[in-house]
Amino acid sequence: MDDINAKAVIGTNSWGSKAYGKILRGSSAEDSVIREAMEEADRNGLRIYDLAQDYGLGKAQKMFGEFAEEIGGEYIVSAKYTPLSRYRKNCVRRSLEKDLADLRRSYIDIYWLHLPTDTEQHLSEIIELCKEGRIRHIGISNFDLDECKLSKRMLDKAGIPLYGVQNHYSLLSREWEKNGLLDWCRENGVSFWGWAVLEEGLLTDPKTRKPSPISFFMNRQIKKMHELYRVMTAVSKRHDISVAQVAEAYCANKGVVPMCGCRRPHQVRELAEAAEVKLTPAEIRRLEEAADNSGARVLGHDMFRFAVPKKR
Ligand SMILES: NC(=O)c1ccc[n+]([C@@H]2O[C@H](COP(=O)([O-])OP(=O)(O)OC[C@H]3O[C@@H](n4cnc5c(N)ncnc54)[C@H](OP(=O)(O)O)[C@@H]3O)[C@@H](O)[C@H]2O)c1
């Protein structure tokens, strides 16, 4: 079913105002740099952007819409409905109208239900919008295996394939692989997109990393990661790529579409290259051993569960 062959996806969580970048992300990127990154992505064949209404405190979708219109390239838009409260009639429809206005488009390529809250009601409305042609493909995000199975059954009944699952995955967070969700996706022709494959910068070269409020909290983990960095550096040298690209390539080699927060031209270039790198089974094994032995603790694989109200 997949006419969207996603090799890598540009995350836009860090796009936004200068103040947002500086305070929360440790550095800001000028609008012109983000725009240049979009042009560079185009040149490197990366066309898929992952967005949501709250990214960049509400600014990311508007920036994307403006720049995409100016550049005039062909883009694939991944956007989401985030159910922060219980289902209310037409809540998805109203939210989608705002997305389309911000993104300056008449439809969304892939629309994800961001959390498994009142799944049946929210998905029913998303199915309606898909039948109306406002959404091309449907995905679910932060869902566990049982929730994925339930969603797929619902979509099957409606004659609409489940496009994908978008969950946290990285070299340091492989729970969705260990508990069988990744295999289930593969067996059912469902794409698996991994978010935060760089663990917010933790899986990049510590020598080149800029300090940020996030890295302040990471410092305790970094101390546990010397051996992992050593193995990542050795693999990076062998393939003539950066340490960050090893983390991205690792995911791509595991059948996970790497979603990476990019706001600078070199980052999209590196992401496009990394998605093509073939790691050997021995390299993958050494990376996983070093990651498992590090004992580093990162964002939980199921960290948004607290936002899902108990079933009534
Ligand atoms: N569905 C969900 O619930 C969910 C949740 C979270 C995230 N997401 C999606 O996943 C995307 C990725 O997550 P994220 O942005 O939070 O974190 P991330 O991709 O794990 O890490 C972003 C960090 O990595 C740095 N970076 C990016 N490319 C690099 C490169 N080539 N070399 C060195 N450093 C590099 C960035 O640097 P700079 O500081 O220079 O930008 C930033 O500090 C998000 O943007 C969003 O689209 C989805």
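**Entry: strands β4 and β5**

I started with β4 and β5, which run parallel and are joined by five bridges. Worth noting before I go on: this is a predicted model. For the register, I looked up Trp-112 and found it opposite Gly-139 in β5. Then I checked how covered β5 (residues 135-141) is: six of its seven residues are buried, so I wrote it down as mostly covered.

**Entry: the barrel**

I followed the sheet outward from there. The eight strands close into a barrel, in the order β1-β2-β3-β4-β5-β6-β7-β8, and the pairing is parallel. I also looked up the twist: neighbouring strands of this sheet are turned by 30 degrees against each other on average, direction ignored.

**Entry: β6, β7 and Tyr-163**

Next I took β6 (residues 162-168) and β7 (residues 191-195), a parallel pair with five bridges. Here Gly-164 is the residue opposite Ser-191 in β7.

Tyr-163 is in strand β6, and I wanted its surroundings. Is Tyr-163 buried or exposed? I got 26 C-beta neighbours inside 10 Å, so Tyr-163 counts as buried. Skipping neighbours within four places in sequence, I listed its contacts as Ile-110, His-137, Ile-138, Gly-139 and Ser-191. I also checked Tyr-163 against Ile-140: they are 23 residues apart along the chain, and their C-alpha atoms are separated by 8.4 Å.

**Entry: helix α4**

I moved on to α4, residues 91-103. This helix has 13 residues and spans 18 Å from first C-alpha to last, close to the 18 Å expected at 1.5 Å a residue. Which residues of α4 are buried? I found Val-92, Leu-96, Asp-99, Asp-102 and Leu-103. These buried residues sit on the same side of α4, because they cover an arc of only 125 degrees around the axis. On the other side of α4 I noted Arg-94, Glu-97, Lys-98 and Ala-101 as exposed.

Then I asked what covers the buried residues of α4. The cover includes α3 (60-71), β3 (76-81), β4 (108-113) and α5 (119-131). So β4 turns up again, this time as part of the cover over α4.

**Entry: positive phi values**

I kept a list of backbone oddities. Most residues other than glycine have a negative phi. Against that background I wrote down three residues.

- Arg-104 follows α4 and has a positive phi, near 55 degrees.
- Asp-118 has a positive phi near 40 degrees. I placed Asp-118 in the loop between β4 and α5. Asp-118 counts as buried because it has 20 C-beta neighbours inside 10 Å, and 20 or more is the cut-off for buried.
- Glu-199 has a positive phi near 50 degrees. I placed Glu-199 in the loop between β7 and α9 (213-222). Glu-199 is buried too, with 20 other C-beta atoms within 10 Å.

**Entry: around the ligand**

Last, I looked at the ligand. There are 29 residues around it, and Gly-11, Asn-13, Trp-195, Ala-244 and Gly-261 come nearest. Which element gives the most to the shell around the ligand? I found β8, with three residues. Both β8 (257-261) and α12 (265-274) supply at least two residues of this shell.

Notes
Residues are numbered from 1 along each chain as its sequence is written. This is a predicted model: local features need pLDDT of at least 70, side-chain atom pairs count only at pLDDT 80 or more; totals for chains, interfaces and linings use all residues. Helices (H or I, at least four residues) and strands (E, at least two) are DSSP runs, numbered from the N terminus. The expected span of a helix is 1.5 Å times one less than its number of residues. A residue is buried if 20 or more other C-beta atoms lie within 10 Å of its own, exposed if 12 or fewer, and partly exposed in between; C-beta atoms are placed from the backbone. The arc is that of the directions from the helix axis to the C-beta atoms. Two residues are in contact if their C-beta atoms, placed from the backbone, lie within 7 Å. Two strands pair if DSSP finds at least two bridges between them. Axes are lines fitted to C-alpha atoms, for helices over the stretch in contact, and angles run from 0 to 180 degrees between N-to-C directions. A residue is near a molecule or strand if its C-beta atom, placed from the backbone, lies within 6 Å of it.
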